[in-house]
Amino acid sequence: MTNESDWENSADNPRARYIVPNLDRALVMLELLSSRPEGINVSDLGVELKIPKNSAFRIAVTLENRGFLEKVEGTKRYRLTPRLLVLGAMSVTDANLFEKSIDVMRRLRDATGETALLGTMIDTEGVVLDQALGTHHFKFAVDAGTRFCLHTAAPGKAMLAGLPEEERIQRVMRMKLPRFTPNTITTHEEFLNHLKEVAVRGYGFDLAEEMEGQTCIGAAIRGATGGVIAALWITAPSSRIPDTQLDSFGAVVKAHADEISSRFGAVLSQIA
């Protein structure tokens with residue numbers, strides 16, 4: 001791998017003197033971690049990048065502070081977070097998630113008649129990445145980039161429920177749980193118990209928990225290593241999804257989310 005010094009001193013690179021060394025190192029670190037989903041510890045980062053361990057540590061901590069890296073639970077390894085996925089999703093040149101999802105989103109929209117959405121989470125918030133508008137005259141529309149609370153949103157619940165238990169608890173305990181409607185869950189203990197039910201079911205509901213008269217049903221999308229990377233969901237007026245049909249719609253949403261997961265290479269039968 002070409003390190004920062006090689007790049008700076010290359011006689012064939014007329015722009016070498018304009019390179020910002022630590023920025024270049026950080027970008028190379030991100031590229032390296034993109035090929036190591038299991039994560040890498042600081043010492044090995046220094047060796048791989050041919051930079052001092054202290055430099056690797058400072059860069060990793062900076063990237064962690066900005067939300068691009070996170071520690072692998074119970075280890076000293078750093079790995080990428082979905083934040084880069086969000087940035088990539090906003091770029092027309094990085095359509096990996098979209099390429100694997102857009103036709104499935106449209107089929108989910110056609111199967112239910114409701115707006116189908118794709119999103120992910122960054123720390124304690126969710127973010128909308130894309131949507132396929134519903135076929136009804138009255139339908140919900142959400143702009144890409146819109147943030148949402150995880151404790152009220154069906155996709156937020158689905159993604160949190162799909163995390164390892166300890167990571168789920170730690171993330172939930174950092175969350176604020178504001179009340180929006182009488183149905184909103186506002187205590188960490190109750191929400192964690194609720195997520196256990198979502199994990200067993202395989203899909204989450206938003207039953208007018210953020211907006212009166214709105215129902216959402218979402219399921220997690222997993223990557224090649226089985227970790228949660230995104231969510232797929234539908235949103236509709238509550239009148240169009242009665243309580244007696246929640247599980248029927250949930251099974252449809254989950255089947256479509258699982259199809260996207262399989263395109264990333266996730267082996268769902270091996271995920272507890």
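Reader: Which backbone atom does the side chain of threonine 115 reach at 3.0 Å?

Author: The side chain of threonine 115 reaches the backbone nitrogen of glycine 134 at that distance of 3.0 Å. A polar contact is a pair of N or O atoms within 3.5 Å; within protein, one must be able to donate a hydrogen and the other to accept it, and residues adjacent in sequence count only if both atoms are side-chain atoms. A polar atom of the threonine 115 side chain also lies 2.6 Å from the backbone oxygen of phenylalanine 140. The model is predicted, so local features need pLDDT of at least 70 and side-chain atom pairs count only at pLDDT 80 or more, whereas totals for chains, interfaces and linings use all residues. Residues are numbered from 1 along each chain as its sequence is written, and side-chain values use heavy atoms, with hydrogens and water left out.

Reader: Where is threonine 115 found, and is the residue buried or exposed?

Author: Threonine 115 is found in strand β4; helices (H or I, at least four residues) and strands (E, at least two) are DSSP runs, numbered from the N terminus. Threonine 115 is buried because its relative accessible area is 1%, where buried means under 20%, exposed over 50% and partly exposed in between (1.4 Å probe, protein chains only). The C-alpha atoms of threonine 115 and glycine 134 are separated by 3.9 Å, although the residues are 19 apart along the chain. Beyond neighbours within four places in sequence, threonine 115 is in contact (heavy atoms within 4.5 Å) with residues including Gln131, Lys139, Trp233 and Thr235.

Reader: How does one read such contacts for the protein as a whole?

Author: Among contacts between residues at least 6 apart in sequence, 57% join residues at least 24 apart. The protein has ten helices and nine strands, and buried residues make up 46% of its 272 residues. One individual pair is isoleucine 102, in helix α6 (residues 96-112), and aspartate 130: they are 28 residues apart in sequence and 8.5 Å apart in space, C-alpha to C-alpha. Isoleucine 102 is partly exposed, because its relative accessible area is 24%.

Reader: What is to be looked for in phi?

Author: Most residues other than glycine have a negative phi. Lysine 50, in the loop between α3 (42-49) and α4, has a positive phi near 60°. Alanine 208, in the loop between β7 (204-207) and β8 (214-222), has a positive phi near 55°. Lysine 50 is exposed at 54% relative accessible area, whereas alanine 208 counts as buried at 8%.

Reader: How is a pocket read, and which residues are the closest to the centre of the second largest one?

Author: Rolling a probe the size of a water molecule over the atoms shows where empty space is left. About 440 Å³ of space lies in the second largest pocket. Of its 20 lining residues, Glu70, Thr81, Asp123, Arg171 and Arg174 are the closest to its centre. Here a pocket is an open set of points on a 1 Å grid over the protein atoms alone, where a 1.4 Å probe fits, with protein on both sides within 12 Å along at least five of seven lines; lining residues have an atom within 4 Å of a point. Grid points are joined across faces, edges and corners, and the volume is the space filled by probe spheres set on them. At least two lining residues come from each of α4 (53-65), β2 (69-71), β4 (115-122) and α8 (165-173).
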